[in-house]
Amino acid sequence: MCSIIGYKGQFIEAAPLLVESLKKMEYRGYDSVGIATMNNGKILISKGVGKVAEVDKILEFAKLPGQIGIGHTRWATHGGVSDKNAHPHFSCNSDIAVVHNGIIENYQELKEKLSKEGHIFKSQTDSEVIPHLLEKYCKEFNNDYKKSIIYTCKILKGSFAFVAIFKNGLICGARFDEPLIIGIANSALFLSSDVLGFLKHTDKAIFLDNGDIVTIDNNKYSIFDINNKKVIRPITQVAWELGSTEKGKYAHHTLKEIHEQPSILFNSINKNNDFQQFCKFIKNASNVYITGSGTSYHSGLLAKNLLAKFAKIKSEVIMSSEFQYMSDTLETNSAIIAISQSGETADVIHAVKKAKEHGSKILSIINISTSSLARISDSVLVLNCGPEIGVAATKSFIGQLMIIYNVVNLLSGNQLSLNKINQKKLVTDIEKTLELDEKIKTIVSMLDSEIKDIYILGRSLHYSIALEGSLKIKELAYIHAEGIAAGELKHGPLALIDAKSLVIVINPVDETYKDVISSTHEIKSRGAKIIGISNKNHELYDNYLQIPESIDHLYPIVEVIPLQIMAYYLSLKMQVDPDYPRNLAKSVTVK
Ligand code: AGP
């Protein structure tokens with residue numbers, strides 16, 4: 001939800017480097033930004049509201065001198081979006097500055113106590129208790145920094161990672177249920193929420209575990225736990241994450257990522273060796289549950305349908321945020337398929353931990369192979385679709401679908417016909433569908449700018465795509481959109497349809513075709529405007545988006561593309577930045 005970065009180097013000024021790092025991690029939160037550097041025994045802070053580049057233009061972060069520093073981009077949880085609430089936060093004596101990601105659950109109680117002791121708070125954030133606690137313990141323990149950090153971590157409740165800078169040049173970090181990674185370069189050390197924060201400088205990383213505390217002093221790091229016991233963690237070479245994080249020829253990351261889909265389509269199948277083990281866990285499980293949030297939940301819905309239809313395996317899909325309310329009924333020997341692009345979504349991690357307590361096996365489908373979810377899973381399949389920077393999931397959705405299709409194919413004795421010829425055709429089909437770009441742009445340009453509601457209809461496998469399409473429109477264009485199971489229309493939603501409605505019907509020619517045409521008639525007679533996504537045109541459609549003829553069960557992989565493109569152009573029409581929708585963050589690491 002927020003990104004944190006710490007840097008201690010020998011030759012390079014910290015501020016410009018921190019700005020670069022924060023730009024790379026801005027997807028994690030982008031309502032305000034701040035930097036602190038240490039120079040000649042003094043900590044200097046500069047911070048403000050807005051995205052990194054905007055604030056940097058005004059505050060000129062590079063002016064902050066010093067080769068040691070910390071930085072932060074914020075996604076507000078406690079306290080509004082304001083300069084004061086932006087991080088870093090100072091201790092009273094300005095000897096310590098802190099950046100924090102996560103939530104301090106007992107901050108009210110701590111704040112009251114610290115205030116009574118004379119500490120003065122300048123923000124409404126939960127985070128600000130950290131520098132004050134560090135200050136308090138530094139005083140109590142005669143500047144024994146290590147002891148102060150340990151005592152601070154002991155008293156904090158919640159999920160958090162923080163990085164603190166002290167006026168003597170020491171940097172420390174702590175990881176408690178929020179990610180924190182050490183980057184090891186030749187003459188510098190980093191502490192970062194994501195490898196993207198330091199990947200330009202080094203691919204050597206240490207992924208800290210929960211409960212790890214780290215200090216960086218004299219360009220050496222030392223890791224220990226809350227009992228002051230030394231901890232050794234392996235140095236990992238970061239691999240795929242080296243993929244490009246630039247926009248290239250595209251105006252936005254989101255558009256680039258939509259257009260990357262043909263090229264990454266089979267990475268998830270071809271670059272994983274663990275499909276057999278993953279399938280074995282499913283076969284041996286007494287019950288199969290699937291969990292995920294947002295787009296990943298939609299992948300889960302499709303997985304449930306495919307597992308039932310082709311592999312005759314019954315499963316239940318539960319949104320990760322709802323999982324905790326049913327976890328007591330989990331049978332031992334269950335398998336939980338956890339789907340998550342980031343592998344850091346708090347709701348997913350929480351669901352998985354609950355399931356683990358009940359003895360379930362965790363099978364995860366993720367993009368970030370080094371994520372928290374990966375590390376608590378029994379079997380992992382990696383999307384390998386490269387970094388997804390746009391907050392809206394696009395290529396990762398396709399990557400997830402391909403893994404799911406391959407798993408079901410293996411479990412069903414190749415009933416999904418994913419042979420080389422069909423794989424090649426699928427790539428061409430997606431390429432052809434991407435050519436609808438101009439047509440969709442024109443359709444969107446002709447839509448009423450006051451448009452308030454969009455409904456997307458689909459049956460069976462297409463219903464999950466209707467939900468996914470509507471999520472894309474909501475988050476990218478801030479327009480109310482609803483995915484509806486076409487058969488449910490007459491049970492209520494039809495009351496909403498009138499001449500002002502825009503309805504998109506997902507209707508390739510398969511077993512659902514005739515029934516969806518019937519629903520389309522019902523909509524047409526209420527005067528709504530209809531866009532049809534199908535391999536076959538129909539007189540009922542006001543606009544027709546043609547997708548290539550395919551094998552029935554492969555249509556979902558292709559039909560989501562026009563919906564992604566439409567959401568993108570709707571965002572431009574509404575003058576919204578598609579890469580960074582308001583109020584959202586790419587990685588939702590709070591519950
Ligand atoms: C999708 O466009 C969203 N940004 C969001 O719903 C996302 O899919 C969800 O937060 C889950 O993220 P994850 O896949 O990283 O767990």
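Modeller: Before we start, domain bounds here come from an automatic or database domain assignment. This is a predicted model, with local features needing pLDDT of at least 70 and side-chain atom pairs pLDDT 80 or more, while totals for chains, interfaces and linings use all residues. Residues are numbered from 1 along each chain as its sequence is written, and side-chain values use heavy atoms, leaving out hydrogens and water.

Colleague: Okay, which domains give at least three residues to the shell around the ligand?

Modeller: Domain 2 (249-418) and domain 3 (421-578) each supply at least three.

Colleague: And how many residues surround the ligand?

Modeller: 14 of them (a heavy atom within 4 Å). Ser 296, Ser 340, Ser 342, Thr 345 and Glu 475 are the closest.

Colleague: How does that shell divide into nonpolar, polar and charged?

Modeller: You get 8 polar, 4 nonpolar and 2 charged residues. Asp, Glu, Lys and Arg count as charged, Ala, Val, Leu, Ile, Met, Phe, Trp, Tyr, Cys and Pro as nonpolar, and the others, Gly among them, as polar.

Colleague: What lies 3.0 Å from an oxygen atom of the ligand?

Modeller: A polar side-chain atom of Lys 472. With Ala 393, a backbone N or O atom sits 2.8 Å from a ligand oxygen. For Val 391, a backbone N or O atom is 2.9 Å from a ligand nitrogen.

Colleague: How much of the ligand's accessible area does the protein cover?

Modeller: 90% of the 410 Å² that the ligand has on its own (Shrake-Rupley, 1.4 Å probe).

Colleague: Which elements give two or more residues to the shell?

Modeller: Helix H10 (294-310) and helix H17 (461-477). Helices are DSSP runs (H or I, at least four residues), as are strands (E, at least two), numbered from the N terminus.

Colleague: Switching topic, is the peptide bond from His 87 to Pro 88 cis or trans?

Modeller: Cis, with omega near 0°. Pro 88 is in the loop between strand S4 (68-74) and strand S5 (89-90).

Colleague: What about Ser 94, is phi positive or negative?

Modeller: Positive, near 60°, and Ser 94 isn't a glycine. Ser 94 falls in the loop between S5 and strand S6 (96-104). Most residues other than glycine have a negative phi, and most peptide bonds are trans.

How values were computed:
A polar contact is a pair of N or O atoms within 3.5 Å; within protein, one must be able to donate a hydrogen and the other to accept it, and residues adjacent in sequence count only if both atoms are side-chain atoms.
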